[in-house]
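Here's a quick briefing to read with the model open beside you. Have a look at the fold, then work through the notes below.

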Amino acid sequence: MVTADRIFIIILLLLIAIYTISFGRWTWKRKNKLGAVMVFLVALATVALPVYVLFVREG
């Protein structure tokens, strides 16, 4: 069940991911492709792992 605290946590995670992705775009424009890809992976993990814990591993 989705509650207000979970929605708040997801919004906070998305704000962190948006900030991280913007840094990845900046890194990509500076011709650091590998660094940008790694930053994108960090942003994905920032959102995916907590959402997994919130929804899949209820307990």
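Start with what sits over the core: the cover of helix 2's buried residues includes helix 1. Contact here means heavy atoms within 4.5 Å, and helices are DSSP runs (H or I, at least four residues), numbered from the N terminus. Keep in mind that this is a predicted model, where local features need pLDDT of at least 70 and side-chain atom pairs count only at pLDDT 80 or more, while totals for chains, interfaces and linings use all residues. Residues are numbered from 1 along each chain as its sequence is written, and side-chain values use heavy atoms, with hydrogens and water left out.

**How the helices pack**

- Helix 1 covers residues 4–29 and helix 2 residues 33–55; they pack at about 175°, with axes 8 Å apart.
- That angle makes the two helices roughly antiparallel, a label for angles over 145 degrees.
- On the bookkeeping side, axes are lines fitted to C-alpha atoms, for helices over the stretch in contact, and angles run from 0 to 180 degrees between N-to-C directions.
- The residues of this helix 1–helix 2 contact split into 18 nonpolar, five polar and three charged. Ala, Val, Leu, Ile, Met, Phe, Trp, Tyr, Cys and Pro count as nonpolar, Asp, Glu, Lys and Arg as charged, and the others, Gly among them, as polar.

**Helix lengths**

- Helix 1 has 26 residues and runs 38 Å from its first C-alpha to its last, close to the expected 38 Å. The expected span is 1.5 Å times one less than the number of residues.
- Helix 2, with 23 residues, should span 33 Å, and its end C-alpha atoms are indeed 33 Å apart.

**Buried and not so buried**

- The buried residues of helix 2 are Ala-36, Val-39, Ala-43 and Leu-54. Buried means under 20% relative accessible area, exposed over 50%, and partly exposed in between (1.4 Å probe, protein chains only).
- Helix 1 buries Arg-6, Leu-13, Ala-17, Thr-20, Gly-24 and Thr-27, and what covers them includes helix 2.
- Leu-15 lies in helix 1 but is exposed, at 53% relative accessible area. Its C-alpha is 23 Å from that of Leu-34, which is 19 residues away along the chain.
- Ile-11, also in helix 1, counts as partly exposed at 47%. Ile-11 and Val-47 are 36 residues apart in sequence, yet their C-alpha atoms are 9.9 Å apart.

**The aromatic pair**

- There's one aromatic pair in the structure: Phe-23 and Trp-26, stacked at 5.7 Å centre to centre with 25° between the planes.
- Rings of Phe, Tyr and Trp (its six-membered ring) pair if their centres lie within 6.5 Å; planes under 30 degrees apart count as stacked, over 60 as edge-to-face and the rest as tilted.
- Phe-23 and Trp-26 are three residues apart in helix 1, so about one helical turn separates them.
- An α-helix has 3.6 residues a turn, so residues three or four places apart point the same way.
- Phe-23 is partly exposed at 41%, and Trp-26 is partly exposed at 45%.

**The loop**

- Lys-31 is found in the loop between helix 1 and helix 2.
- Lys-31 takes a positive phi of about 70° although it isn't a glycine, and this comes just after helix 1.
- At 66% relative accessibility, Lys-31 counts as exposed.

Terms used:
Parallel < 35°, antiparallel > 145°, perpendicular 65-115°, else oblique.
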